[in-house]
Structure formats: structure tokens, C-alpha cells
Amino acid sequence: MPIAGRRFTGGGRLNALTFNLLVSKFRGYYLESSLEAPPSIASREWGFLFFDGSGMRRHKSFFSRGELIDYVRAMVPRHVYHSAAYYQRPAAPTMKEKLWQGSDLIFDLDADHLRNAPKSYKEMLEMVKKETQKLLTFLLSDFGFSESRISVAFSGGRGYHIHVRDPRVLGFGSDERREIVDYLAGRGLAMDRFIHMAPMEGDWGRDSAFRLRAPPAGAPGWGGRINRSIISFVEDLRHASEAEAIAALSKRKGIGPKRAASFYKSLQGANVLEEIGRGNLDLFRGSAAIWKLLLVEFLDSEGVKVGFNLDEERGETDEPVTADVRRLIRCPGSLHGGSGLRVTSLTLRDLEDFDPLQDAVVFGEEAVPLQILKPFKTQMRGESYNLEEGPTELPAAVAVFLMARGVAEACTKH
């Protein structure tokens with residue numbers, strides 16, 4: 001059973017002190033906190049991973065939230081997952097016997113999916129939050145989903161999960177879901193729909209009356225999105241010095257210094273931004289070729305990097321998570337066993353100010369003796385930690401994070 005977001009789990013077998021401390025901390029949390037059961041809990045399959053490394057226990061089902069909470073409090077799992085799918089018999093031992101009835105449309109945004117993601121955990125989380133906000137804009141504007149049908153959760157690791165529970169998409173198969181991901185990423189879009197030659201208004205009757213056009217800034221969907229991206233790009237160039245702008249343009253394949261200089265000068269006119277906003281890109285002779293080279297970059301910057309399992313050996317993306325109608329996803333309110341952070345439900349309005357390294361931290365400030373296994377840098381609750389190998393004492397919130405990540409072990413007090 002594929003599971004969304006398994007890359008941040010921490011590694012290796014735990015020593016006895018670390019095992020006992022993590023189980024104790026997780027048990028204490030679950031005794032005081034409640035999980036958030038998804039809708040139609042009785043139709044979901046559940047899966048659990050434990051601190052003893054015994055492997056996935058799945059094909060579980062619960063008739064009520066109370067029954068789920070009792071199980072988690074008794075068993076103290078390291079990770080708690082439920083299916084995005086609805087089944088007639090969720091506890092059946094094979095997928096065929098479960099009798100699939102539909103599935104939430106889910107999106108898994110993870111820093112592993114982002115090109116050039118920063119190494120700093122805090123900066124990584126900030127970057128993936130921007131991608132999440134971009135995706136929500138697509139879902140609300142381009143697809144017209146109601147806010148009430150969308151739920152968001154911080155994954156507890158390196159990103160966010162979005163669930164769309166709209167009756168219109170529950171029955172979608174993998175192919176339809178893959179098409180949605182392709183649209184979000186801007187894959188397969190016809191380039192000539194966005195930048196093309198079109199006749200000028202009026203009866204000009206000459207080939208020279210054709211001009212390079214793009215959709216206006218107010219156009220729906222990708223057209224308006226690309227125009228706004230072009231305007232932002234032009235504004236950045238206009239604010240740069242001539243030398244900086246020409247150097248930046250010349251780095252693009254197919255744009256040499258001479259063409260870059262002509263292009264930069266063409267952007268300095270008083271009405272350039274207004275003309276681009278109307279869809280007129282014909283700024284000087286030969287500009288069409290430059291705009292077409294840049295279009296791929298605009299598509300990439302505006303598209304959402306969402307829901308893939310990364311094939312690290314090939315440097316490519318594999319089957320999108322969103323297309324998998326039997327995916328397991330983390331349960332909000334549970335703890336992420338690779339970080340000790342809470343899988344945190346958010347409203348769309350909460351997301352803007354949400355700080356995972358403050359708001360998803362559940363453990364306190366009591367000192368915990370540790371053995372740091374390798375140098376490690378991290379941030380938590382506004383504090384930065386630059387840790388060297390060896391013994392130390394750290395607040396429980398940081399200690400649990402490091403032990404869960406596999407970079408520290410619990411030890412007796414020094």
C-alpha cells in the first residue's frame with residue numbers, strides 16, 4: 001500500500017533508552033489529545049507503523065472516532081495513516097475484496113518535490129507553504145471547488161496535504177486525477193495558445209499587420225496566470241540595472257548579449273506594462289523568439305510541484321500521488337514519527353500565519369540528556385541549534401525531533 005510522505009521518517013533501530021523515551025512521549029501526547037477522524041471513518045482502511053520496526057499493520061477499520069482513539073492510546077504507533085479511499089469492506093485482506101467506492105482527491109506537497117529546495121528546514125517549509133498556497137489558488141479559481149470541500153493539513157514532516165472532498169471527483173479514476181495534476185503542473189499545454197501571431201484590430205490587409213499576442217492579464221486560467229507572470233518578470237528587469245538585466249537574460253539558452261540588450265531597451269517604454277497587460281508582446285522586431293524561449297520558464301514558475309514520488313536515480317518524477325486512488329495519508333492530530341511534530345489541520349485562512357516550527361510543536365522545555373550522533377543544524381520555536389557530535393542536554397521538543405530523525409539517542413544524565 002503506497003503511503004504519502006514516507007521520506008521523513010528517521011532511520012534505524014532505536015536503542016532501549018530512545019525507544020522508551022519516544023514511546024513515553026507519544027503515549028503522553030495521545031492520552032491528552034484526540035485524533036481528528038476523517039469523514040465516513042467506517043469506510044476507511046487504517047494503517048500503522050510502530051517504534052519496534054515491525055512493519056506496517058494495515059487492513060484495520062474502526063466504526064467510530066472513539067474506537068480509533070482507544071486503539072492509538074493502547075498501541076502508541078509511530079505513524080498513523082488512513083486511506084483516501086472509501087471501501088465497502090475496508091478491513092478485508094486484499095484490495096479486490098475491499099470493494100472500492102471512491103476516493104478523496106488528495107495532494108501531497110513535499111520539499112522533496114521542489115527543485116533547488118533550501119537545506120534549512122525552516123526555509124524549506126516556507127518554500128513548500130508557498131507552493132501549497134499556489135495550489136489552493138488553482139483549486140478555488142480554475143476548478144471552482146468550494147472552500148468548504150477543501151481541507152489542509154501540515155504533514156508533520158516537510159510539507160502539506162490537501163484533501164478535496166467534492167462529490168464530483170470522488171469517483172474519478174487514476175487517469176482523470178493524472179490529468180488534473182498535469183494541468184496544475186502546466187504539462188502538455190499548447191504553447192501557441194499563449195503566445196502567437198494574431199492580426200491587429202482593424203482591416204489592415206497586410207502581413208506586417210500581424211503582431212505577437214498573449215492572453216490579457218484578466219484572462220481566466222493559465223492565460224491570465226502567464227500574463228501576470230510576464231508582467232512580474234518585466235517589472236524585475238526594469239528595476240535591475242542594464243548590466244544586471246542583460247546578464248540575467250543572456251544566461252537563458254538562445255538569448256545572447258546583443259538580443260538581451262535590445263530586449264531590455266524595449267521594456268523601458270512608459271506604456272510597456274499596460275500593453276503587456278492587454279496581451280501585446282510585440283515590443284520590437286525579433287522579440288517573438290525571446291518571448292517563446294521564456295514561455296517555458298513562465299509555465300514552470302507558475303505550475304505547482306505537487307504529489308510525486310521522486311525517482312532519485314533518474315532525477316525524474318514517477319507516478320503522481322494524486323493519481324493513486326488507494327493511497328494512505330497521515331491522520332490529522334497524529335504525530336509524525338520522523339519528527340515528533342503534530343499533523344496539524346488548518347483552515348485556508350490559518351495557513352498564511354501558520355509556523356510549523358512553533359504551531360506544530362507539542363512537547364515542552366524540560367531538559368533531556370542526549371548523545372548527538374552527527375553534526376546537525378535545525379530550528380525550533382524561534383531558536384537555532386548548531387549541534388556537534390557528543391553529549392548534550394536539549395529541550396524535549398528539540399530532543400524528540402532529533403531522536404525521531406535518527407541523529408541523536410537518549411542517554412543517562414551526564
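This passage describes the fold, one sheet, one helix and several salt bridges of a predicted model.

The chain has 414 residues, and 48% of them count as buried. Twelve helices and 19 strands were assigned along the chain. Contacts across long stretches of sequence are common. Among contacts with a separation of 6 or more, 67% are between residues 24 or more positions apart. The accessible surface of the chain comes to about 19500 Å². Carbon and sulfur atoms contribute 49% of that surface.

One open sheet was examined in detail. Its four strands follow the order β2-β1-β3-β13, and their pairing is antiparallel. Strands β2 (57-60) and β13 (328-330) form the edges, each pairing on one side only. On average, neighbouring strands of the sheet are turned by 30 degrees against each other, direction ignored. Strand β1 covers residues 46-49, and strand β3 covers residues 79-83. These two strands run antiparallel and are joined by four bridges. Within this pair, F48 stands opposite V80 in β3. A helix also packs on the sheet: α2, residues 65-75. Helix α2 touches β1, β2 and β3. The direction of α2 makes about 15 degrees with that of β1.

Helix α4 was considered next. It has 22 residues. From its first C-alpha to its last, α4 reaches 31 Å, close to the 32 Å expected at 1.5 Å a residue. Many of its side chains were checked for burial. The buried residues of α4 include Y121, M124, L125, V128 and L135. Charged residues also appear among the buried positions of α4, including K129 and E131. Just after the helix, G144 takes a positive phi of about 70 degrees.

Salt bridges were then searched for. Side chains of opposite charge can pair when their charged atoms come close. The whole structure holds 17 salt bridges. One of them ties α4 to another helix. R225 pairs with D142, and their closest N and O atoms are 2.8 Å apart. R225 lies in helix α6 (residues 221-239), whereas D142 lies in helix α4 (residues 121-142). The two residues are 83 residues apart, and the pair links distant parts of the chain. R225 is buried, with a relative accessible area of 8%. D142 counts as partly exposed, at 25% relative accessibility.

A second salt bridge joins D166 to R168, again with the closest N and O atoms 2.8 Å apart. D166 has a relative accessible area of 5% and is therefore buried, since the cut-off is under 20%. R168 reaches 53% relative accessibility, so R168 counts as exposed.

A third salt bridge lies within one helix. R178 pairs with D175, with 3.0 Å between the closest N and O atoms. Both residues belong to helix α5 (residues 174-185). They are three residues apart, so about one helical turn separates them. An α-helix has 3.6 residues a turn, so residues three or four places apart point the same way. R178 is partly exposed at 25% relative accessibility. D175 is exposed, with a relative accessible area of 52%. Elsewhere, salt bridges that share partners join R44, D104 and R165 into one network.

Technical notes: Residues are numbered from 1 along each chain as its sequence is written. This is a predicted model: local features need pLDDT of at least 70, side-chain atom pairs count only at pLDDT 80 or more; totals for chains, interfaces and linings use all residues. Side-chain values use heavy atoms; hydrogens and water are left out. Buried means under 20% relative accessible area, exposed over 50%, partly exposed in between (1.4 Å probe, protein chains only). Contact means heavy atoms within 4.5 Å. Accessible areas come from the Shrake-Rupley method with a 1.4 Å probe; for residues, only the protein chains shown count as cover. Two strands pair if DSSP finds at least two bridges between them. Axes are lines fitted to C-alpha atoms, for helices over the stretch in contact, and angles run from 0 to 180 degrees between N-to-C directions. A salt bridge is a side-chain nitrogen of Lys or Arg within 4 Å of a carboxyl oxygen of Asp or Glu. The expected span of a helix is 1.5 Å times one less than its number of residues.
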